[in-house]
Amino acid sequence: MSLVRLLFKGVSEVVASQEVGLVTLANEDKSRELSFICDSAMVYQFGLRIKKAEITPKLAPEVLWQVISRNMKMRFQIIINDLVEGQYKALLYMPDILQAIPVRASDGILLAYITNMPVFIEDRLFMRQSVPYNDSNVGISVPVNVITNEMLQKALDKAVYDEDYEKASQIRDELKRRGGKEQTE
């Protein structure tokens, strides 16, 4: 398995929704980037660390990392290795003992941000999901397959309400492709 190292680019709120945000990562040469959905609680947690809020050294991830790093001489990595129903799958990998523990991708990226832990993604997954990097972009491209079924259903409902039947048809087709059952006909 070939891996691509990712660097944290940022986290942002989605303007149209107070419930979700986007985490954006780029490869080392900044030729491609990858964005994925996270919840508003994760946007808040990243915000605390980015702003270097006074409370952060006392929060559980930072405290636990202090305990681990003081008592263990082990390396850790986050590896994004799959995408299932709009959710990236990630592992907290310990290469010294060849063990991995599943972790929610956004939590893994937050842990990596806090600890300077390296983040990797499987090369083929990265090439399939990433878009060309552009530092001057105002908007962010997100592949439809990283949007959850619940979010797609809400988008379908809104498209039907707005009478945007072309968009509704595309969303319905994506839900059918996933095996989901749309509520609105």
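**Note on the second largest pocket, the sheet and its helices**

1. In this predicted model, the second largest pocket has a lining of 15 residues, and those that lie nearest its centre are Pro-61, Leu-64, Leu-92, Asp-107 and Leu-111. Two elements, helix 2 (60–71) and helix 3 (105–115), give two or more residues each to that lining.

2. The volume of the second largest pocket comes to about 260 Å³, and its lining residues divide into 13 that are nonpolar, one that is polar and one that is charged.

3. The sheet is open and is formed by eight strands in the order 6-5-4-7-1-2-3-8, with mixed pairing. Its edge strands, strand 6 and strand 8 (131–132), each pair on one side only. Helix 3, which also contributes to the pocket lining, packs on this sheet and touches strand 1, strand 2, strand 3, strand 4 (77–84), strand 5 (87–94), strand 6 and strand 7 (119–122), while its direction makes about 110 degrees with that of strand 6.

4. Within the sheet, strand 2 and strand 3 are paired in the antiparallel sense over seven bridges, and Leu-25 stands opposite Leu-34 of strand 3.

5. Which residues of helix 1 (residues 40–50) are buried? They are Met-42, Val-43, Phe-46, Gly-47, Leu-48 and Arg-49, and the buried residues of this helix pack against strand 1 (3–13), strand 2 (20–27), strand 3 (32–39), helix 2, strand 6 (99–104) and helix 3. Following helix 1 comes Lys-52, for which phi is positive, near 55 degrees.

Conventions. Residues numbered from 1 in each chain as written. Predicted model: local features only at pLDDT ≥ 70, side-chain atom pairs only at ≥ 80, totals over all residues. Heavy atoms only, no water. 1 Å grid on protein atoms, 1.4 Å probe; cavity = no way out; pocket = protein on both sides within 12 Å on 5 of 7 lines; lining within 4 Å. Points joined across faces, edges and corners; volume = space filled by probe spheres on them. Helix = DSSP H or I, 4+ residues; strand = E, 2+ residues; numbered from the N terminus. Nonpolar A, V, L, I, M, F, W, Y, C, P; charged D, E, K, R; others polar. Buried < 20%, exposed > 50% of the residue type's maximum accessible area, 1.4 Å probe, protein only. Contact = heavy atoms within 4.5 Å. Pairing = 2+ DSSP bridges. Axes fitted to C-alpha atoms, helices over the stretch in contact; angles between N-to-C directions.
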